[in-house]
Amino acid sequence: MAVKIKLKRMGSIRNPQYRVVIADARTARDGRAIEEIGLYHPKEEPSLIKINSDRVQYWLGVGAQPTEPVMVLLKITGDWQKFKGLPGAEGTLRVKEAKVDKNTKFAETVAAVANEPRTPTIRPKVEKPVEEVKAGEVKAEEAVAESAEAVVENVEEVVEATVEETVEAVVAEAEVVAEAAEAVTEEA
C-alpha cells in the first residue's frame with residue numbers, strides 16, 4: 001500500500017482551507033484519511049501553516065511520499081530539510097502578529113495618562129481690560145456708521161434714477177396726448 005502525505009480540501013467556495021493528511025494513494029482527494037497532521041489556510045495574510053513536525057518526521061521515516069504542494073509546505077516549515085539533513089531546517093515560515101487584547105491596550109493607555117502632568121480641564125475665563133472693550137465698541141460704531149452712509153448713498157442714487165425715468169415717461173405721454181389733441185382739432 002502506497003501512503004501519501006497530501007492536502008484534503010475543506011472550506012467553502014473561493015475560501016479554500018486544507019488539512020495536511022496521511023492517506024492511501026488510491027483514495028479520493030477528500031476521502032478517508034489515516035491521520036490529520038496539519039492545517040493550511042492560503043487566503044490568510046500571511047498564510048496559516050500548522051504542521052505537527054514529529055508526526056511528519058515519523059511518516060517520512062516509514063516511507064510516506066509527499067505530494068508536490070505538501071513538499072512546498074514542508075520546505076517552508078523546514079521539516080523536509082530536517083528529514084533530509086539539509087541546512088535550513090528552521091524554515092521560512094512567516095507568522096501573523098499576535099493581536100493585542102483590548103484590556104491590555106486600555107491598561108497601557110491608562111498608565112500613560114497617569115504619568116502625564118495634570119492640567120486643569122476647565123480654564124478660567126479671561127476678562128478683557130475695559131480699554132480694549134471700549135476701543136472695540138468704538139470701532140464697531142464706526143463700521144456701522146460707514147455702512148449706513150454707503151446705504152444712504154445707494155438709496156439716493158436709486159431714487160434719482162427712478163425719478164428721472166418717471167419724469168421722462170410722463171413727458172413722453174404728455175407729448176403723445178398733445179399730438180393726439182392737435183390731430184383732433186385739425187380734423188374738426
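A residue is called buried when its relative accessible area is under 20%, exposed when that area is over 50%, and partly exposed in between, using a 1.4 Å probe and protein chains only. The model is predicted, so local features need pLDDT of at least 70 and side-chain atom pairs count only at pLDDT 80 or more, while totals for chains, interfaces and linings use all residues. Residues are numbered from 1 along each chain as its sequence is written, and side-chain values use heavy atoms, with hydrogens and water left out.

**Exercise 1. Describe the protein chain as a whole, from its elements to its surface.**

Step 1. Helices (H or I, at least four residues) and strands (E, at least two) are DSSP runs numbered from the N terminus; the protein chain has five of each, and along the sequence they follow the pattern β-β-β-β-α-β-α-α-α-α.

Step 2. Of the 188 residues, 18% count as buried, and the protein chain exposes about 15,100 Å², of which carbon and sulfur atoms supply 56%; these areas come from the Shrake-Rupley method with a 1.4 Å probe, and for residues only the protein chains shown count as cover.

Step 3. With a contact meaning heavy atoms within 4.5 Å, residues 24 or more positions apart account for 33% of the contacts with a separation of 6 or more.

**Exercise 2. Work out the strand order of the sheet and follow the pairing from β2 to β4.**

Step 1. Two strands pair if DSSP finds at least two bridges between them; by this rule five strands form an open sheet of mixed pairing in the order β4-β3-β2-β1-β5. The edge strands are β4 and β5 (65-66), each of which pairs on one side only.

Step 2. Strand β2 (residues 15-24) runs antiparallel to β3 (residues 35-41) and is joined to it by five bridges, with Ile22 standing opposite Glu35 in β3.

Step 3. From β3, four bridges in the antiparallel sense lead to β4 (residues 48-51); here His41 stands opposite Leu48, and Tyr40 stands opposite Ile49.

Step 4. The connection from β3 to β4 is a hairpin of six residues. Pro46 lies in this loop, and the peptide bond from Glu45 to Pro46 is cis, with omega near -10°.

**Exercise 3. Locate two residues with positive phi, and state whether Arg14 is buried or exposed.**

Step 1. Arg14 is found in the loop between β1 (3-12) and β2, and has a positive phi of about 60° although it is not a glycine. Arg14 is exposed, with a relative accessible area of 71%.

Step 2. Gly78, which follows α2, has a positive phi near 90°.

**Exercise 4. Compare the buried residues of α2 with the valine patch on the surface.**

Step 1. In helix α2 (residues 68-77), the buried residues are Val70, Leu73, Leu74 and Thr77. Seen down the axis of α2, they fall within an arc of 100°, so they line one face of the helix; the arc is that of the directions from the helix axis to the C-beta atoms.

Step 2. An α-helix has 3.6 residues a turn, so residues three or four places apart point the same way.

Step 3. Val151, Val155, Val159, Val163, Val167 and Val171 form a nonpolar surface patch with about 490 Å² of accessible area together. Patches are made of residues with over 30% relative accessible area and no salt bridge (a side-chain nitrogen of Lys or Arg within 4 Å of a carboxyl oxygen of Asp or Glu), joining like charges within 9 Å and nonpolar side chains (Val, Leu, Ile, Met, Phe, Trp, Tyr) within 5 Å.

Step 4. Val155 lies in helix α5 (residues 130-187) and, at 47% relative accessibility, counts as partly exposed.
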